[in-house]
Amino acid sequence: MLIEPPEAVASSVQSNNTCTSEETCSKEPDETSHFLQCVGLPPTDTGRDHLERLKEMLEATMDVYTFMRSSMSGVPLLSLQGALELNPKADPFQNEDLVHMWLEVKMKPLLKSITKHFLSCLSTKNFSCSTYQTVVQELSHHYSEMDPVRQKWIYTFFMYPFLSGDRVAGCVDREESSEEWLMKNFGAFKAMARMKDFSKLNMVFSGLEVLHLLSPVQKADLLLQPGVESLDNGTLTLVFHSMMTGGPGPHPTAIPGSGHNWMTPGYSSSYLPKPHDPYKPPSPHDQFKGVVKGFMGAFRPIGSFVHDFVSFVHERDISEMRSTTLTQFLLNWTLGELADIYRPKEVPVVPQMPKFDVTNVEDWYSQVVMPLLWRFLPNEENMKHPTIKMAFHEVFYLDHGMNNDTSEVPDVCSITLDKSPCGLSDAVENVAHVMHCAARSHFEINEATMKRLIMEMLKRLNSLIEELSKTNLHELAYDFHEIFRRPDSPALTQEHLQDPEFIKLWFQIKLMPLLPDVPIGLLSCLSNKNFSCPVYQTIVAELGDKLSFMHADPMYSRNIYEHFIFPFLRNHNTSDPQCVFSANNSAEYLLENFGAFARFASVTDFYELNPNFSGLEVLPLLTPRQTAELLLLPLPTPPEKEFVIDRVFDFLLESPEQIPEVLHYLVELAGEVNVSCGVYRQIFESLYKAIPSIPPHVEPVTWATIDDLIEIAPEECVPDDILVRLTSLTLTSLKMPSNAVQR
């Protein structure tokens, strides 16, 4: 659908101010009509494009309304509106205020549910460095609320892919220090990165400058990076001190290469390198230079390695070798080269190649890392320091892909989000269009006007729903189903979860178009939301009210009970667990928390969810099956079962129209569950005593029930005198079925 430009809207408005003599002048369109025309929703349009646009604009307007009701007050809507009026073609992802609004309304409520697919999509959006850094800042505020896997996802699938794009080139600013660059572009997620990532994104990045911000793993990683040979002993000692203590250590007095020692005058000499026993070492500086060059050369072998390796692979078919065999060869050769550098020259003995398991981190640490550490950290206790050892272990795991878990984290709300991973970020553009049209149409933006606008669009939506219910327009019905019944994860803030009035509006936009077949995934997601009891009860009432007019298959209502109502109440453990305290009695509890869906519950569900529940208080509200359950099933709370059975039969005698259905379910349920002999005996007695008091048309059903129960119940559970009584009664009334006395 082509959206009519604002100029055309203005022209249309002007033409409406005059009428020809043959025309009937209608009332001039108001601001709402101008706005709807601008966003592409003229009142006469129909068809799939109109449905798509109606859904997009309804949700975008709801987002603006949601933001205005939120607790956030940092975004000036008027300046945002003005900016969009002046430059409607500007990319909305480069408008900080708009991105801020989107984060508040759409992103923050779903942080626990975000998926890799959504984050990958987000990384492709046209953020400026400034708006990207706004996103990082907001996400960092909620870092501690996320599980570790999603923390890693945000870095792996959003931050690094975005920063590594050619368009932003790492968001490097020549005027910024490494610390400023790190905090602006990574925030709380900086610990998720490898040191090589920082260097790739920012060529002038200095790990030593931000040593106090690095994790122990990153510090260990720093020591294994190319270029480490340029560092002096004091600098390396500083790094190790920082790893062991968790702090930055003494700050250096000069940067590396400036000719000054990084050690401060008061630095402990216990961290200075000591001579290695087997041979007299060269000067400390040359000694370290030699070690590092040998170490780096061993891990980037050239020269004689080519001859040795080629000879090795010519001896056997390389396609038959296992990768661990090749790795073992490489490490054996490497360690041989490393050992050769430090072998005393006067001993012409070729050392035996070390053998170890290349997949074992302990072997790697003792055979590869410790020879390097010994050159400038000869204190064995320091090398076994748990922080240092753990940090290098983590580097090993990262290098071998053993600690790179990006597998899916089970989250019921991720299911719906992943069905349209880019939909959440696409909402930014729709909100921008709403704000632009509001500015061009001189539509004042406040809570009242936004709500009026939403209600106008809902009126159109309801008209479409009503039209579909009355006609047989298969094509329109299919389009409506495809467009409006695509579920998305409910982006509800904590304020929304406590606001019944907001939820009523949200329900009309998000849930009503999905009725009666609300997707089970969405119901499960809603059951995990921390709604207040009044908000939850509002949703239950709205669902029951709307479904009562649809005459839909009861299966859909059962789904709502099984996947939303019962799980929500079972897991609701806030200030009013299971919403028990908000009700004054069992009847009120049933009506408020189950509503029209109570009929799908087992009577034991009520007792499980509410320890104070009494089925006897709500007998008029129970279904016939639930009444039969009350008779047969064991109940967790007083009164005694005998008292319950007596009261149920008293109620049935007062409401005899319910007896046939209750007895039908009584027989059906008796065949499905284990019933104690005591319960059977009392039910037989109660049925027998009830016969003289029940209406004549109910009596045959009662006799049939007694007969069926005799067939179901174990013989020892039938009272000894029941057959005698039945025989006697048959002789006097002649109403008993003949097969009831045969057993």
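**Exercise 1. A helix and its length**

Task: Compare the span of helix H3 (residues 48-69) with the span expected at 1.5 Å a residue, then decide whether H3 is enclosed or open.

Solution. This is a predicted model.
Step 1: H3 has 22 residues, and 32 Å separate its first C-alpha from its last.
Step 2: The expected value at 1.5 Å a residue is 32 Å, and the span of H3 is close to that.
Step 3: Turn to burial. Buried means under 20% relative accessible area. In H3, 16 of the 22 residues are buried, so the helix is largely enclosed by the rest of the structure.

**Exercise 2. A short helix and the loops beside it**

Task: Find which residues of helix H24 (residues 520-527) are buried, then examine Pro516 and Phe531.

Solution.
Step 1: The buried residues of H24 are Leu522, Leu523, Ser524, Cys525, Leu526 and Ser527.
Step 2: That is 6 of the 8 residues, so H24 is largely enclosed by the rest of the structure.
Step 3: Pro516 lies in the loop between helix H23 (500-510) and H24. A cis peptide bond joins Leu515 to Pro516, with omega about 0°.
Step 4: Phe531 sits in the loop between H24 and helix H25 (533-547). Phe531 has a relative accessible area of 1%, so it is buried.
Step 5: Phe531 and Leu497 are 34 residues apart along the chain, yet their C-alpha atoms are separated by 4.6 Å.

**Exercise 3. Unusual backbone angles**

Task: Locate a second cis peptide bond, at Pro639, and describe the phi angles of Ala169 and His442.

Solution.
Step 1: Start from the general rule. Most residues other than glycine have a negative phi, and most peptide bonds are trans.
Step 2: Pro638 and Pro639 are joined by a cis peptide bond, with omega about 10°. Pro639 is in the loop between helix H29 (624-632) and helix H30 (641-654).
Step 3: Ala169 is not a glycine, but its phi is positive, about 50°. Ala169 belongs to the loop between helix H8 (148-163) and helix H9 (178-186). With a relative accessible area of 48%, Ala169 is partly exposed.
Step 4: His442 also has a positive phi, near 55°. The loop between helix H20 (423-440) and helix H21 (447-470) holds His442. At 61% relative accessible area, His442 is exposed.

**Exercise 4. Salt bridges along a helix**

Task: How far apart in the helix are the partners Arg558 and Glu562, and Arg625 and Glu629?

Solution.
Step 1: Side chains of opposite charge can pair when their charged atoms come close. The structure has 17 salt bridges.
Step 2: Arg558 bridges to Glu562, with the closest N and O atoms 3.9 Å apart. Both lie in helix H26 (residues 554-571), 4 residues apart, about one turn of the helix.
Step 3: Arg625 and Glu629 form a salt bridge at 3.6 Å, N to O. Both are in H29, again 4 residues apart, about one turn.
Step 4: Check exposure. Arg625 is partly exposed at 27%, while Glu629 is buried at 5%.
Step 5: Widen the view. Shared partners link Arg625, Glu629, Glu668 and Glu672 into one network of salt bridges.

**Exercise 5. Two surface patches**

Task: Which residues make up the negative patch, and which the nonpolar patch?

Solution.
Step 1: The patch of negative charge gathers Asp173, Glu175, Glu179, Glu180 and Glu209 on the surface.
Step 2: Val172, Met203 and Val204 make a nonpolar surface patch of about 360 Å².
Step 3: Met203 is in the loop between H10 and H11. Its relative accessible area is 80%, so Met203 is exposed.

Definitions and conventions:
Residues are numbered from 1 along each chain as its sequence is written. This is a predicted model: local features need pLDDT of at least 70, side-chain atom pairs count only at pLDDT 80 or more; totals for chains, interfaces and linings use all residues. Side-chain values use heavy atoms; hydrogens and water are left out. Patches are made of residues with over 30% relative accessible area and no salt bridge: like charges are joined within 9 Å, nonpolar side chains (Val, Leu, Ile, Met, Phe, Trp, Tyr) within 5 Å. Accessible areas come from the Shrake-Rupley method with a 1.4 Å probe; for residues, only the protein chains shown count as cover. A salt bridge is a side-chain nitrogen of Lys or Arg within 4 Å of a carboxyl oxygen of Asp or Glu. Lys and Arg count as positive and Asp and Glu as negative; His and the chain ends are not counted. The place of a charge is taken as NZ of Lys, CZ of Arg, CG of Asp or CD of Glu. Helices (H or I, at least four residues) and strands (E, at least two) are DSSP runs, numbered from the N terminus. The expected span of a helix is 1.5 Å times one less than its number of residues. Buried means under 20% relative accessible area, exposed over 50%, partly exposed in between (1.4 Å probe, protein chains only).
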